[in-house]
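Work through the exercises below with the sequence and the model open. Each task is followed by a solution in steps.

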Amino acid sequence: MISANNVTLRVGKKALFEDVNIKFTEGNCYGLIGANGAGKSTFLKILSGELEPTNGSVAITQGQRLSFLKQDHFKYDEFTVLDTVIMGNQRLYDIMREKDAIYAKEDFTDDDGIRASELEAEFAEMDGWNAEADAATLLNGLGITTEEHYETMQNLPGSVKVKVLLAQALFGNPDILLLDEPTNHLDLDAIAWLEEFLINFENTVIVVSHDRYFLNKVCTHTADIDYGKIQLYAGNYDFWYESSQLLIKQMKEANKKKEEKIKELQEFISRFSANASKSKQATSRKRALEKIQLDEIKPSSRKYPYIDFRPNREIGNEVLTVEDLSKTIDGEKVLDHVSFVMGHDDKIAFVGSNELAKSTLFKILAGEMEPDEGNYKWGVTTSQSYFPKDNTEIFDTSLSITEWLTQFSEIKDATYVRGFLGRMLFAGEDGVKKMKVLSGGEKVRVLLSRMMIEGSNVLIFDEPTDHLDMEAITALNNGMMKFSGTILFACRDHQVVQTTANRIIEFMPDGTIVDKVTTYDEYLENDEMARKRQVYSMSESDAEDN
């Protein structure tokens with residue numbers, strides 16, 4: 001168990017948390033939610049001991065081990081992947097290194113033998129003989145190949161490093177597991193594996209995530225941070241949302257009844273306070289009026305942008321034809337004769353672990369890259385807006401947000417453009433901010449503003465939910481569902497894919513595709529059934545061979 005006792009954290013004059021009391025108990029998974037800036041990551045750092053509160057304390061059951069997912073991509077560059085994972089249990093790793101050092105001695109003494117015996121006993125007690133196998137199981141589950149297990153961390157791309165650090169946090173069955181955005185940069189297959197891992201995890205988990213589907217799948221409780229307080233709810237994210245909305249509704253209804261009673265008492269007092277025969281009744285009602293207290297209903301600190309993609313032109317029947325597209329990058333066949341036809345009602349989600357294939361296809365369709373073979377043709381009625389995964393070059397400009405966006409607007413008026421920025425929560429003088437200085441979330445909101453201004457009838461999204469908070473993801477999800485045009489997109493947010501797509505195209509590791517007209521959940525269910533049939537068929541074949 002881990003608990004916060006009267007925890008207060010002040011940053012300057014502002015209290016980020018004030019007198020927080022909360023217990024996280026064994027066997028439960030807690031989703032820590034709140035608006036951007038509410039202090040979710042900060043609270044995890046307080047629980048982990050990385051950050052000292054201004055007042056109060058954190059208590060952990062004696063003897064329990066805490067593991068905290070860290071996002072330091074360079075800390076372990078000199079170590080192999082397997083060693084990095086095993087470092088998740090630092091004591092076990094230290095024992096392994098000390099044992100190796102003792103056995104490597106040429107002048108092995110009696111004292112060395114005694115020490116080695118002590119280490120071997122502790123090593124066995126910690127199930128050390130299975131450490132490498134357990135680490136490999138975690139890595140394989142997250143989609144990291146066996147060959148990569150022996151690579152040094154510095155040789156891995158950032159997306160793989162993220163998975164290794166997650167495996168490190170999960171390693172060794174920690175008693176308390178703190179996860180800050182564990183699904184960041186994971187593909188949908190890896191997220192599904194992590195969901196199953198946490199569902200079956202028997203100890204305490206506290207997780208911060210912007211993925212609503214993920215929180216609904218894994219969380220038994222929800223801890224909501226708002227205005228420096230943490231309110232605990234039993235249930236997942238959807239249950240929290242329904243409960244919190246119901247509570248606000250009940251408080252508003254109670255206040256309405258109180259306001260009606262106040263008005264009734266005030267009218268009686270006004271009419272009869274000067275009437276001698278009614279003075280006692282008027283005095284009694286004054287006392288009753290003084291006792292009535294309206295419930296304080298604070299508006300939430302959460303802010304939802306307004307995302308509404310409205311095409312300037314209706315799309316025709318011919319949208320997109322892709323024929324035999326192939327592309328090789330750095331000697332790797334990324335796209336291998338990819339062909340499909342897109343209809344005017346299609347909203348296609350591109351899924352699978354081959355992220356390079358998805359990004360390469362989108363760049364080709366957006367005109368930013370040429371294929372090696374094959375061709376594609378957009379319908380004459382189409383217009384396209386493209387959201388790239390890597391936006392570094394776009395924001396390498398000295399222009400302000402308003403100046404940059406005005407380039408894409410038919411109406412060259414700063415006030416008109418700022419209207420779109422206002423919808424995306426850029427207030428007041430934010431419009432004069434330079435593009436170069438924007439945060440990750442601000443950059444995404446600027447790109448979404450451009451897509452709204454352009455009014456295209458075909459939208460191409462490459463991981464648009466990265467860097468967005470839960471409120472912005474919800475707004476984007478709603479905008480994509482309502483959009484009357486066509487969409488091609490890749491997204492790590494399960495709920496966005498499930499509620500938006502009516503067609504799924506999966507990129508296979510070899511650059512080929514599987515194309516199905518279906519929802520994402522149906523696709524996964526059929527895929528799981530196919531795998532089970534394959535396993536059953538193999539077991540039958542083995543039985544016949546025997």
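**Exercise 1.** Locate T392 in the predicted model and decide whether T392 is buried or exposed.

Solution. Start with the secondary structure: T392 sits in the loop that runs between β14 (384–387) and α12. Next, take the relative accessible area, which is 53% for T392. The cut-off for exposed is over 50%, so T392 counts as exposed. Last, check a distance across the sequence: T392 and K443 are 51 residues apart along the chain, and their C-alpha atoms are separated by 9.7 Å.

**Exercise 2.** Find which residues of helix α13 are buried and explain why they line one face of the helix.

Solution. Helix α13 covers residues 414–423, and its buried residues are V417, F420 and L421. Viewed down the axis of α13, these buried residues fall within an arc of 100°, so they line one face of the helix. The general rule is that an α-helix has 3.6 residues a turn, so residues three or four places apart point the same way. Now look for the cover: α12 (401–406) and α14 (440–454) are among the elements over the buried residues of α13. Then inspect the two ends. At the N-terminal end, D413 acts as a cap, with a side-chain oxygen 3.3 Å from the backbone nitrogen of T415. Just after the helix, L425 has a positive phi of about 70°.

**Exercise 3.** For K327 and N216, state the element, the burial and the contacts.

Solution. Take K327 to begin with. K327 belongs to strand β10 (residues 320–329). Its relative accessible area is 13%, so K327 is buried. Leaving out residues up to four places away in sequence, K327 touches ten residues by name: E332, K333, V334, L335, T360, I364, M369, E370, P371 and D372.

Turn to N216, which lies in helix α8 (residues 212–218). N216 is buried too, with a relative accessible area of 17%. Apart from neighbours within four places in sequence, N216 contacts N236, Y237, D238 and Q495.

**Exercise 4.** Where are D19 and N173, and what is the sign of phi at each of them?

Solution. D19 is placed in strand β2 (residues 14–24). Although D19 is not a glycine, its phi is positive, about 50°. D19 is partly exposed, at 46% relative accessibility. N173 is placed in the loop between α6 (158–170) and β6 (176–180). N173 is not a glycine either, and its phi is also positive, about 50°. For reference, most residues other than glycine have a negative phi.

**Exercise 5.** Classify N526 by accessibility and give its separation from N184.

Solution. N526 is part of helix α17 (residues 520–545). With a relative accessible area of 46%, N526 is partly exposed. N526 and N184 are 342 residues apart in sequence, and the C-alpha to C-alpha distance is 26 Å.

**Exercise 6.** Describe the protein chain as a whole, by its elements, burial and contacts.

Solution. Count the elements: the chain has 17 helices and 18 strands. Of its 546 residues, 46% are buried. For contacts between residues at least 6 apart in sequence, 68% join residues at least 24 apart. The exposed area is about 27,800 Å², of which carbon and sulfur atoms supply 48%. Finally, the chain has 61 positive and 91 negative charges, whose mean positions are 15 Å apart.

Technical notes. Residues numbered from 1 in each chain as written. Predicted model: local features only at pLDDT ≥ 70, side-chain atom pairs only at ≥ 80, totals over all residues. Heavy atoms only, no water. Helix = DSSP H or I, 4+ residues; strand = E, 2+ residues; numbered from the N terminus. Buried < 20%, exposed > 50% of the residue type's maximum accessible area, 1.4 Å probe, protein only. Contact = heavy atoms within 4.5 Å. Areas by Shrake-Rupley, 256 points an atom, 1.4 Å probe, with all protein chains shown as cover. Lys, Arg positive; Asp, Glu negative; His and termini not counted. Charge placed at Lys NZ, Arg CZ, Asp CG, Glu CD. Arc of directions from axis to C-beta. Polar contact = N/O pair within 3.5 Å; in protein donor to acceptor, adjacent residues only side chain to side chain.
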